[in-house]
Amino acid sequence: MNAQLIFDYFPDLTDRQREQFSALGELYADWNSKINVISRKDFQSLYLRHVLHSLAIAKVCRFDAGARIADVGCGGGFPSVPLAIMFPEAQFTAVDSIAKKITVVQGVSRSLGLENLTAVNCRFEQLSQRFDYVVSRAVTDSATLTQWVWNRIEKGCRGTLPNGILTLKGGELAEELALTGKRWTIFEISRLFDDEFFSTKKVVYTQR
């Protein structure tokens with residue numbers, strides 16, 4: 001379990017970012033021993049299956065300073081924690097209805113000194129603020145997610161893609177995406193990262 005995998009794909013990280021990514025393994029090992037948010041089988045591949053997977057979004061869209069990003073159903077902090085390290089000038093709100101998962105995100109964030117990440121224990125619909133982007137990973141089907149967040153995303157462009165939704169998905173998506181009534185762009189993660197794990201993984205994007 002080694003952060004070198006991240007450094008290989010993102011060679012321009014600052015020393016501070018390298019320190020933070022390097023610390024993730026030990027921090028999540030400690031928290032996972034208390035509150036299980038990552039399966040034991042998956043944990044041995046933390047940097048590949050969770051950290052690097054989250055950072056596929058960073059390969060697709062770079063967020064501007066001041067951009068507001070919500071991670072809906074953040075679980076243990078993926079993709080929001082790796083993205084908050086990657087984009088220290090952007091503002092992240094990690095949302096999950098399960099309190100113990102937010103406890104983990106808050107603990108990891110505090111240890112890393114991530115002042116640009118706020119973890120909130122509630123349903124997304126209970127938040128009052130608006131965002132430039134929504135990110136998520138394996139939370140719900142695309143039509144449901146879109147229904148939850150669409151009217152809370154500001155139009156504009158606070159990154160290298162216009163404001164919108166960026167989700168991490170897998171498998172065949174044509175039917176699921178068609179039900180949303182939106183136009184989606186699919187980015188194959190296998191073209192970004194060279195590992196068999198990503199062979200069916202995708203970043204799926206729609207513009208607000």
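**Two bent helices and the nonpolar core**

Helix α2 carries a kink of about 35°, which is centred on leucine 24. This description rests on a predicted model, in which the protein chain has eight helices and seven strands. Helix α2 covers residues 15-34, and its 20 residues, taken at 1.5 Å each, should span 28 Å; because the end C-alpha atoms lie 29 Å apart, the expected and computed spans agree. The buried residues of α2 are Gln17, Gln20, Phe21, Leu24, Gly25, Leu27, Tyr28, Trp31 and Asn32. An α-helix has 3.6 residues a turn, so residues three or four places apart point the same way. The cover over the buried residues of α2 includes α1 (4-9), α3 (40-43), α4, α5 (80-86) and α6 (99-112).

Three of these α2 residues recur in the description of the largest nonpolar core, which has 56 residues. The members that touch the most other members are Ile6, Phe21, Leu24, Tyr28, Phe63, Val81 and Leu166. Helix α4, formed by residues 46-60, gives the most to this core, with ten residues. A second core, separate from the largest one, has 17 residues and includes Val95, Val134, Leu145 and Leu177. In soluble globular proteins, nonpolar side chains tend to be buried together. For tyrosine 28, when residues up to four places away in sequence are not counted, the residues touched are Ile38, Phe43, Leu46, Gly76, Gly77, Phe78, Val81, Val104 and Val108.

Helix α4 is itself mostly covered, since 13 of its 15 residues are buried. Helix α4 also bends, by about 35° at leucine 52. At 1.5 Å a residue, the 15 residues of α4 should span 21 Å, and the end C-alpha atoms are 21 Å apart, so the expectation is met.

For the protein chain as a whole, the C-alpha trace spans about 40 × 35 × 30 Å along its principal axes. A compact globule of 208 residues would have a radius of gyration near 17 Å, and the value of 16 Å for the protein chain therefore agrees with that expectation. Of the 208 residues, 51% count as buried, while the accessible surface comes to about 9,700 Å², of which 44% belongs to carbon and sulfur atoms. Among the contacts in the protein chain with a separation of 6 or more, 70% are accounted for by residues 24 or more positions apart.

Notes. Residues are numbered from 1 along each chain as its sequence is written. This is a predicted model: local features need pLDDT of at least 70, side-chain atom pairs count only at pLDDT 80 or more; totals for chains, interfaces and linings use all residues. Side-chain values use heavy atoms; hydrogens and water are left out. A nonpolar core is a set of buried Ala, Val, Leu, Ile, Met, Phe, Trp, Tyr and Cys residues joined through side-chain atoms within 4.5 Å. Buried means under 20% relative accessible area, exposed over 50%, partly exposed in between (1.4 Å probe, protein chains only). Helices (H or I, at least four residues) and strands (E, at least two) are DSSP runs, numbered from the N terminus. Contact means heavy atoms within 4.5 Å. The expected span of a helix is 1.5 Å times one less than its number of residues. The bend at a residue is the angle between axes fitted to the seven residues ending there and the seven starting there. The radius of gyration is taken over C-alpha atoms; the globule rule is 2.2 Å times the number of residues to the power 0.38. Accessible areas come from the Shrake-Rupley method with a 1.4 Å probe; for residues, only the protein chains shown count as cover.
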